[in-house]
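Biologist: I would like a close look at a single part of this protein. Please start there and then work outwards.

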Amino acid sequence: MPQLNETDREIFPVSAGLSDTGDITIGGCAISELATEFGTPLYIYDEDTIRQMCRQFVGGFKEAYERSHVEYSSKAFANPVLAKIIAEEGLNMDVVTGGELVFAKAAGFPAERLNFHGNNKDRGELGEAIDYGIGRITLDSFYEIGLLNEVAGEKGVRQKVLLRVSPSVDPHTHMLTTTGILDSKFGFSIETGAAAEAVEQAMAADNLEVVGLHFHLGSPIFELEPYSQAIDYVLKFAAEMRDAHGLQLKEFNPGGGFAVGYVGEELPLPISAYANEISTAVRSGCDRYGLEEPLLTVEPGRAIVARAGVAVYKVGGIKRIPNVRIYVSVDGGMGDNIRPALYSSEYTVRRAHDPYSEPTETVTVVGKYCESGDYIARDVDLPVLDSEDILCTPTSGAYAVPMASNYNMTTRPAIVMVKDGNARLIRRRETYDDLLATSLV
Ligand SMILES: Cc1ncc(COP(=O)(O)O)c(C=O)c1O
């Protein structure tokens, strides 16, 4: 029985395999057949992988720290079918805009289990969240403290809030996805004294109940040390705020950022390693600063959905520049996955049929958009390709679809969820009518 190679078994969805006919399958469905049925570009999500990641996070953190919650960060991929799975698996969820809240509502996601993040929530969004009965709102600026106090007052609600602080810790990831350093738009800086002032203001606000503190360092984080360093610093701050303003740290949320494996050379630590590091740091910090152990919440986004998703493209033109480069153009690109252009993110690329056949060539897989920076993967080794071949990129389940655009007036791809040999459409491909729908002619 043929099977995926060792690296691919780590980065493709857990249900992926290789059929007798040499086709990569996911959830019992051959990628090439799904491409024929639903067209390309196509995003395939594997339900088994999503559920397995949810269980590993919930179980891993419960084992390390009994009073823990896992909160899926829906910016990684917001979809009502996914939100239902997240709810069934017992996770909480966070949203960062009114739009993400609409998706949570559409799935009937329990309001009490939602947390509303974001560095610039507006009056309307805050009102919509309160009307839905949202569990927590995480405040990120002095403007938001005042605004939420006002909106909650108008609605006769005392809203539970967390304050997002910035611990000035560098998690050594991409500059554009680093969020917890001093020079960041996110969070009240502890270092400058802004966080202490925010605690004082929020605790004095009649319509806010400060239940805890939150921080998020960035993503993806392949190291453990930044988490424990930041946790210690923030718990020390919490103890100072208890003494100065009577803050009770009932809840503590050190964010997300857990890494995933995009390419075989850089595989992440197991979830248990993050769980042990974080829970040990929380326990020892509480002990050191005389705090009661709080409810611990972590917020993985990428690590829940990245491995579950596989992007599928069809090869068009192939351009060979002797002694320079071979460009393989596919029918998607930066419109459906901007991460390579934005963050220089790396992806593994495989041909969906007969993925390991020889001979191979080193090629650069590019998209169809009118930008030289539009590429999927540079210098990847693939079998010698033909136009119309189907390619796939595993670990495409996070931050590709949600960041997709209609650049060059392209339609955004269809999405299917697979399980046990069945594929169901969970988002249809956009049409030209969709493109015209919001324009006045
Ligand atoms: C506040 C917050 N929490 C959690 C996350 C999720 O990060 P990741 O998807 O890397 O786990 C993000 C990502 O930007 C974030 O901003």
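Biologist: What covers the buried residues of α7?

Modeller: One caution first: this is a predicted model. The cover over the buried residues of α7 includes two helices, α6 (123–132) and α8 (194–204). It also includes the strands β8 (136–139), β9 (159–166) and β11 (208–214).

Now the helix itself. α7 runs over residues 142–154, which makes 13 residues. From first C-alpha to last it reaches 19 Å. That is close to the 18 Å expected at 1.5 Å a residue. The buried positions in α7 are E144, I145, L148, N149, V151 and A152. Just after the helix comes G156, with a positive phi of about 65°.

Next, the setting. The chain is divided into two domains. Domain 1 is made of 6–39 plus 308–436. Domain 2 covers 48–305. Taken over C-alpha atoms, the two centres are 32 Å apart. At the contact, 25 residues of domain 1 meet 22 residues of domain 2. On the domain 1 side, the elements giving two or more residues are α1 (6–11), α12 (339–343), β20 (414–419) and β21 (422–427). α1 gives the most, with 3 residues. By class, this side of domain 1 has 13 nonpolar, 8 polar and 4 charged residues.

Then the core. The largest nonpolar core holds 129 residues. Those touching the most other members are I31, L34, I44, L163, V312 and V365. Helix α9 (residues 225–245) gives the most to this core, with 8 residues. Each of the two domains supplies at least three of the core residues. Take I31 as a case. Leaving out residues up to four places away in sequence, I31 touches D23, I24, T25 and I26. On the same terms, I31 also touches I44, V312, A352, I390 and C392. Two of these partners, I44 and V312, are also in the list of core residues that touch the most other members.

Last, the ligand. Around the ligand there are 16 residues. S73, S219, G256, G301 and R302 come nearest. The shell has 5 nonpolar, 8 polar and 3 charged residues.

Note on methods
Residues numbered from 1 in each chain as written. Predicted model: local features only at pLDDT ≥ 70, side-chain atom pairs only at ≥ 80, totals over all residues. Domains from an automatic or database assignment. Contact = placed C-beta atoms within 7 Å. Helix = DSSP H or I, 4+ residues; strand = E, 2+ residues; numbered from the N terminus. Nonpolar A, V, L, I, M, F, W, Y, C, P; charged D, E, K, R; others polar. Core = buried A, V, L, I, M, F, W, Y, C linked by C-beta atoms within 7 Å. Buried ≥ 20, exposed ≤ 12 C-beta atoms within 10 Å, placed from the backbone. Near = placed C-beta within 6 Å. Expected span 1.5 Å × (residues − 1).
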